[in-house]
Amino acid sequence: MYAGQLVESASSVSLTDSPAHPYTQLLLAAAPDPDRTEPPHIEDRGAPPSLSAPPSGCRFHPRCPFAMDICKRQVPPSITVSPGHTAACWLHVDPAQRQASENGLLVTASEPLDKELKKR
Ligand code: SF4
């Protein structure tokens, strides 16, 4: 969860071994590790947003090291990255579909772009 929205869902093993959402990746990078000899390198990425006025698009975009223009404008769809593992992040949307979404064609996990196009 980030700012009141589900950003990633998976088994605990899949989530910790292969985090797919940048927020999860940063969270895990900050977790205590007794074997780590160097402190984790985590840039200052600001504070969590106000829930009364959350950021547009992906709520994590002001703090995300991978944010793209679309992230600021549109809520990312929940994408299945592997069986039983979903992440709500534009990084997991095919670039062509991402561009189509920028042009007003919705891309959702339940309705891939080809189905969306057939409806038009
Ligand atoms: S949708 Fe964009 S801003 Fe949000 S986590 Fe993914 S890359 Fe970062």
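**Isoleucine 79, the sheet and the ligand shell**

Isoleucine 79 is found in strand 2. In this predicted model, isoleucine 79 makes a handy place to start. Isoleucine 79 counts as buried because 21 other C-beta atoms lie within 10 Å, and the cut-off for that label is 20 or more. Across the sheet, isoleucine 79 stands opposite alanine 87 in strand 3. Valine 7 sits 72 residues away along the chain, yet the C-alpha atoms of isoleucine 79 and valine 7 are separated by 10.0 Å.

Zooming out, the chain has five helices and three strands, and read along the sequence these follow the pattern β-α-α-α-β-β-α-α. The three strands make an open sheet in the order 1-3-2, with antiparallel pairing. Strand 1 and strand 2 are the edge strands, each pairing on one side only. As a reminder, strands of a sheet pair through backbone hydrogen bonds, either parallel or antiparallel.

Now for the pairings themselves. Strand 2, residues 78-82, is joined to strand 3 by four bridges, and the two run antiparallel. Besides the isoleucine 79 pairing with alanine 87, serine 82 has histidine 85 of strand 3 as its bridge partner. The hairpin of strand 2 and strand 3 has two residues between the strands, and there glycine 84 takes a positive phi near 75°. On the other side, strand 1 (residues 8-9) pairs with strand 3 (residues 85-88) in the antiparallel sense, over two bridges. Here glutamate 8 stands opposite alanine 87. Alanine 87 thus turns up in both pairings, facing glutamate 8 as well as isoleucine 79.

Alanine 87 comes back in the core too. The largest nonpolar core has 13 residues, and the members touching the most others are Val7, Phe60, Ala87 and Cys89. In soluble globular proteins, nonpolar side chains tend to be buried together. Leaving aside residues up to four places away in sequence, phenylalanine 60 touches Tyr2, Val7, Pro22 and Tyr23. For the chain as a whole, 21% of the 120 residues count as buried. Of the contacts with a separation of 6 or more, 40% come from residues 24 or more positions apart.

The ligand has 14 residues around it, the closest being Cys58, His61, Cys64, Cys71 and Cys89. Cys89 is also one of the core residues that touch the most other members. Sorted by type, the shell has twelve nonpolar residues, two polar ones and no charged ones.

A few residues elsewhere are worth a look. Alanine 3 lies in the segment before strand 1, and its phi is near 50°, a positive value in a residue other than glycine. Alanine 3 has 16 C-beta neighbours inside 10 Å, so it counts as partly exposed. Glutamine 25, in helix 2, also counts as partly exposed, because it has 15 C-beta neighbours inside 10 Å. Leucine 15 is ten residues from glutamine 25 along the chain, and their C-alpha atoms are separated by 9.2 Å.

Arginine 45 belongs to the loop between helix 2 (22-30) and helix 3 (69-73). Arginine 45 is exposed because its count is 12 other C-beta atoms within 10 Å, and 12 or fewer earns that label. Proline 65 is 20 residues from arginine 45 in sequence and 8.5 Å from it in space, C-alpha to C-alpha.

Lastly, a word on confidence. The chain has a mean pLDDT of 86, with 84% of its residues at 70 or more. Residues 110-117 fall below 50, and beyond near neighbours in sequence this stretch has nine contacts in the model. Where pLDDT is low, the predicted coordinates should not be read in detail.

Methods:
Residues numbered from 1 in each chain as written. Predicted model: local features only at pLDDT ≥ 70, side-chain atom pairs only at ≥ 80, totals over all residues. Near = placed C-beta within 6 Å. Nonpolar A, V, L, I, M, F, W, Y, C, P; charged D, E, K, R; others polar. Core = buried A, V, L, I, M, F, W, Y, C linked by C-beta atoms within 7 Å. Contact = placed C-beta atoms within 7 Å. Pairing = 2+ DSSP bridges. pLDDT = per-residue confidence, 0-100.
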